[in-house]
Amino acid sequence: MKAKTAAALLFSSLVIISCQKEEKKTVTTEIKPANDSIKTTKTEEKIDYTDFNIFSLSVISSAEKDSDMDIFISVSDIYKGEQPIPADIVKNHKQMTYEERQHFELDASSRKKLLNGVHLTEKDSLYIYEYGSNKLQKMPISQLKAVAYLSPYTDSEDLDPDSYMMGFQVATHQKTTEYDRFNNAIAYFGSTNPFVENKMKAMKWQKAGADISKKYFSHSKLVQGKTYQSQYENLTYYLQDYLEEGNTVERKLVVINNDKEKIAEKTFSLAGSDGGEFLPLYGIDADEANIFQYTGHLFKGKPPVIFGFIAQSFGCPSISFLDKTEKDFPINCDNRH
């Protein structure tokens, strides 16, 4: 392989809503009123959501064989401190092959520095929840390799410690049919599993009538387009397109309970974004192989979530709650555009 870093790293991450590294943010409004019609999942297990961090999983082309993929979780977004890349790697990178520069395991001292920089210990675990198929994996950190991969936006001929993504290797030499399952997955490092199992659902949309548009959505300077609806337990979701010059530039979501009460609303907008676009709607313009929108109970002790409406070029996505008192959970994805 030659120095073709951008082609060598293929990212497969959740695409939903915001990150600290974002240069230009997709505009979203805060979820508005929620009431006790939505109940949080009951659990005796208390989860501390202070400084809570979740991560996407990256699919990276193997240095040995393009058809093989490695599954990797970067923690660079939350790392604090001096980069733990061994000094000899940076000093001698011009004498190394591309394969040697592209990916390597951190030595013991660098591994310890990485763990300290993200406030983890060898006694903690990695929890990967594949919400699309309801599969939960628990892996002790002590059994995971601490690794570094070149960022796809780095000039591999002129390296420094910031050129690398740092994190933990989950799997190697995965085939297409194996790594696709990580498209709809989310990861967490810690001592306790924060995920609710078997309560997430893919949102299948269908067209809604004109009466829905008039009843739940206000007029706008934009032209109203099509209206869609989806169902989850006792909640009905209505989604309204807004057009500019024939293109959808905004979508508004309203959530109604069985008592016909509006318990949440949200706006997704491409205004001010750079390269962002709306993701296809399952049941309308996407099949089962391309499901992006999900809803349901994902985190213990928290209200239901919703995500998967916008694909962003810059920054990372977030998970939103159907409760105005809850802040979005950004998904760390190490997007370095």
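Trainee: Which residues are exposed on the other side of H4?

Mentor: In this predicted model, Ala108, Ser109 and Lys112 are the exposed residues on that other side of H4.

Trainee: And which residues of H4 are buried?

Mentor: The buried residues of helix H4 are Ser110, Arg111, Leu114, Leu115 and Gly117. Looking down the axis of H4, one finds these buried residues within an arc of 165°, so they line one face of the helix.

Trainee: Why would residues a few places apart point the same way?

Mentor: As a general matter, an α-helix has 3.6 residues a turn, so residues three or four places apart point the same way.

Trainee: OK, what do the buried residues of H4 pack against?

Mentor: They pack against E7 and E8.

Trainee: Where does the chain go next, say around histidine 119?

Mentor: Histidine 119 sits in the loop that runs between helix H4 (108-117) and strand E5 (125-130), and just after H4 this residue takes a positive phi of about 60°.

Trainee: Is histidine 119 buried or exposed?

Mentor: Histidine 119 has a relative accessible area of 68%, and because the cut-off for exposed is over 50%, it counts as exposed.

Trainee: Which other residue has a positive phi, near 65°?

Mentor: That is lysine 260, a residue other than glycine whose phi is near 65°. Lysine 260 lies in the loop between strand E14 (247-256) and strand E15 (262-269), and at 59% relative accessibility it counts as exposed. For background, most residues other than glycine have a negative phi.

Trainee: Switching to lysine 302, is that one buried or exposed?

Mentor: Lysine 302 counts as buried, at 12% relative accessibility, and it is found in the loop between strand E17 (294-296) and strand E18 (305-307).

Trainee: What does the side chain of lysine 302 make a polar contact with?

Mentor: Its side chain is joined to that of glutamate 326 by a polar contact of 2.8 Å.

Trainee: Now the interior: which residues of the largest nonpolar core touch the most other members?

Mentor: That core has 37 residues, and those touching the most other members are Leu57, Leu126, Ile128, Phe168 and Phe189. The elements giving two or more residues to this core are strand E3 (69-74), H4, E5, strand E7 (145-150), strand E8 (164-174) and strand E9 (186-190).

Trainee: Which of them gives the most?

Mentor: E8 does, with 5 residues. There is also a second, separate core of 22 residues, which includes Ile47, Ile186, Tyr188 and Leu298.

Note on methods
Residues numbered from 1 in each chain as written. Predicted model: local features only at pLDDT ≥ 70, side-chain atom pairs only at ≥ 80, totals over all residues. Heavy atoms only, no water. Helix = DSSP H or I, 4+ residues; strand = E, 2+ residues; numbered from the N terminus. Buried < 20%, exposed > 50% of the residue type's maximum accessible area, 1.4 Å probe, protein only. Polar contact = N/O pair within 3.5 Å; in protein donor to acceptor, adjacent residues only side chain to side chain. Core = buried A, V, L, I, M, F, W, Y, C linked by side-chain atoms within 4.5 Å. Arc of directions from axis to C-beta. Contact = heavy atoms within 4.5 Å.
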